[in-house]
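Me: Hey, can you walk me through this one? I'd like to start with how the helices touch each other.

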Amino acid sequence: MNLLFEEDGAFKTGTILTDNDASLQVETPHGKRLKLKSKDVLMRFAQPSAGELLERAEAEAEGFDTEFLWEVCGDDEFVFTDFAKEYFGHPPTPIESTAILLRLHAAPIYFHRKGRGRFRKAPAEILQAALAGLEKKRLQAAAVERMRDELLAGRLPEELQPMVRQLLYKPDRNRLETKALEAACAENGQSPARLLLSCGALASSHELHFDRFLFEYFPAGTDFPAVDDPVAPSELPVAAVRAFSIDDAATTEIDDAFSVTPTDAGWRIGIHIAAPGLGFGRESGLDGIARQRLSTVYMPGNKITMLPESIVERFTLGEGRDCPALSLYLEVSRDLIVTGNHSCIERVPVVANLRHHDIEPVFNDTTLAEGGPDFPWKAELNLLWELATVLEAGRGKPAANQNLVDYNFSVDWSISTEDGPGRIEIGRRPRGSPLDKLVAELMIAANSTWGKALAEAGIPALYRAQTGGKVRMTTAAAPHEGLGVDCYAWSSSPLRRYVDLVNQWQLIAWLQGSMPAFPPKSPDLIAAMRDFELTYTAYAEFQRGMERYWCLRWLRQAGHPAMSARVLRESLVRLEEIPLVFKVPSLPTLPPGTRVRLAIDSTDLIDVEVRATYLETLAASSGEPIEVDEEEIPEALGATKDEAAAPLPSPTADTPPAHPA
């Protein structure tokens, strides 16, 4: 005797070896012996053999119409053998009964299981809902397959066009579009970014990286909302000075300028800071914009300003205008000792915007030592340079590693390459030039003087402090050991940093004798400080990432030439011509600072990776710059950056100069 039973959700057959009423010993057609309980047996039969039943029943079950079975079935619960007898109109054969069982079991939306071999037909309304759901799934599966096929054919499906960013940066795996993209990627072995790029969803690899940043930090886009135009006070006195600024060629947010006025005792040195804080205040529409963005975002070939361009244009210290400004005047004796200072709010006549590329050829270490040619502003720059040297010595913290190099990235968007729009040029500029030191020392003087004044007046401000080598932001005046000052409040870049704008409002209140925008123990001030630190660090990381991307574009433009590099540590190297750091697995063990020659094997603009092979060790060059580990650079910059250990990106063509402006 044979029997049909169910085990682990599957129907099986076997031959009875021993029948003990409550249990049975059974041997399957494959020779496996097992013990069954009598209640697990669905049907006993003599013919056909145990090995034939399921195969023949499956073939017969294919001929049944499931919908017809549902229609002829009664509403009460039933056993499959009883339904088979009613359906066929005669006692069913084992094959017929098993065929009915298989068809009922395979149609769970038509027949609900109520036990072993027992079923009940689904109510009509439940069946219709289930069938509608089944049809929906079928259509969805068909849509996924269609979109997948289009992607594999190199076409971007219409459904994917408005949601490319979401698919790349925050995919919802419940959406059909995501399932189609994942299916296409699984079939051709490409990442979503590479597949979408090949389908034309992105203009270039640059768009991939730039849009990722926008998706996270500017989800609503970079356009500014409509706001009321600020109006700077017209009754401000006009300073009796001739001010000039010193900036990179592409800088538009000119925050600082200087003036030199002879006095009987020596000179009055003016440090003039653009004053957007006079045009709008806290809780204004422009404050909301600046509070949300917190800083200008810099990157090669582009920037996202903290304030609207029209506002920047109104308050930038552009030449030929009388500009609203906060001014700090240092009274300097003929032996270059600062004997006093005072601050005021005024309009400053800016007569020149000096640019690095124009001034550095005639104002540098060589021309300072040898005299150099005459040029406009030579006397003022020479005096400020001498004062900067005295101020630096007075701090007791001379700027470190002056032989480091800054790199200026310039992108010509009018030229397209095989990698997309934009041709990159990377220029080298020695850090710690006389211009850098001049501006750096005057900015340190302004930020430390104003920070101390606010602290003495009991007005809270946002400070940068460094103790024990750790840099942090704080609302209380604290020493900055890296700069050698009692306190340091960022106040000199209010057009591009929210911290500086906040401190400017506090300075305005101090000078006007009014209530400060942020009173003592203001929770809003602490919140702004915390948000700024996180955002500023993220912006800096993004800039470094984009600079790395453009370094790879530079290598590709050059045809992947062999390059000289310097060992930083172990297998980590930095190219000498461009600021690209990466690992070279084939590099032998060499001391840090060793110069090597590398073959650039490949570059990947999607993952932003470079592969290179060690070729040879090079001789050390004479007069080569001092190099430090890449991770040590922030701590080694001293006064040539915003401050020691500040998490700042390296400059780009549109970044303010490498000084604490």
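Reply: Sure. First, what counts as a contact here: heavy atoms within 4.5 Å. And keep in mind that this is a predicted model.

Me: Okay. Which residues of α10 and α16 meet?

Reply: From α10 you have D287, A290 and R291, and they meet Y498, L501 and W505 of α16. By class, that contact splits into 4 nonpolar, no polar and 2 charged residues.

Me: At what angle do the axes of α10 and α16 cross?

Reply: Roughly 140 degrees, and the axes come within 9 Å. Over 145 degrees would count as roughly antiparallel, and α10 and α16 are therefore oblique to each other.

Me: What else does α16 touch, say in α15?

Reply: On the α16 side, N503, Q506, L507 and W510 meet W450, A453 and L454 of α15. There are 5 nonpolar and 2 polar residues in that contact, and no charged ones.

Me: How do α15 and α16 cross, left-handed or right-handed?

Reply: Left-handed. Their axes cross at roughly 60 degrees and come within 11 Å, which makes α15 oblique to α16.

Me: And which residues does α15 use against α14?

Reply: α15 brings P434, L435, K437, L438, E441, L442, I444 and A445. Facing them in α14 are L381, L384, W385, L387, A388, L391, E392 and R395. The class count for that contact is 12 nonpolar, no polar and 4 charged.

Me: How far apart are the axes of α14 and α15?

Reply: They sit 8 Å apart, with a packing angle of about 60 degrees. So α14 and α15 are oblique to each other, and the crossing is left-handed.

Me: Switching to pockets. How much space lies in the second largest pocket?

Reply: About 410 Å³. It has 18 lining residues, and I444, A445, S448, T449 and V485 are the closest to its centre.

Me: I444 and A445 came up before, didn't they? Which elements give two or more residues to that lining?

Reply: Yes, I444 and A445 are among the α15 residues that meet α14. The elements giving two or more residues to the lining are β15 (338-355), α14 (378-395) and α15 (434-456).

Me: Which of them gives the most?

Reply: α15, with 8 residues.

Me: What's the mix of residue classes in the lining of the second largest pocket?

Reply: The lining has 8 nonpolar, 5 polar and 5 charged residues.

Me: New topic: backbone oddities. Which peptide bond is cis?

Reply: The one from Q47 to P48 is cis, with omega near -5 degrees.

Me: Where is P48 found?

Reply: P48 is in the loop between β5 (41-45) and α1 (50-61).

Me: What about L294, what is its phi?

Reply: Near 70 degrees, which is a positive value in a residue other than glycine. L294 has its place in the loop between α10 (285-293) and β12 (297-299).

Me: Wait, α10 again. What does α10 pack on, in short?

Reply: One contact we covered is with α16, where D287, A290 and R291 of α10 take part.

Conventions
Residues numbered from 1 in each chain as written. Predicted model: local features only at pLDDT ≥ 70, side-chain atom pairs only at ≥ 80, totals over all residues. Heavy atoms only, no water. 1 Å grid on protein atoms, 1.4 Å probe; cavity = no way out; pocket = protein on both sides within 12 Å on 5 of 7 lines; lining within 4 Å. Points joined across faces, edges and corners; volume = space filled by probe spheres on them. Helix = DSSP H or I, 4+ residues; strand = E, 2+ residues; numbered from the N terminus. Nonpolar A, V, L, I, M, F, W, Y, C, P; charged D, E, K, R; others polar. Axes fitted to C-alpha atoms, helices over the stretch in contact; angles between N-to-C directions. Parallel < 35°, antiparallel > 145°, perpendicular 65-115°, else oblique. Left-handed = near helix turned anticlockwise from the far one by under 90°.
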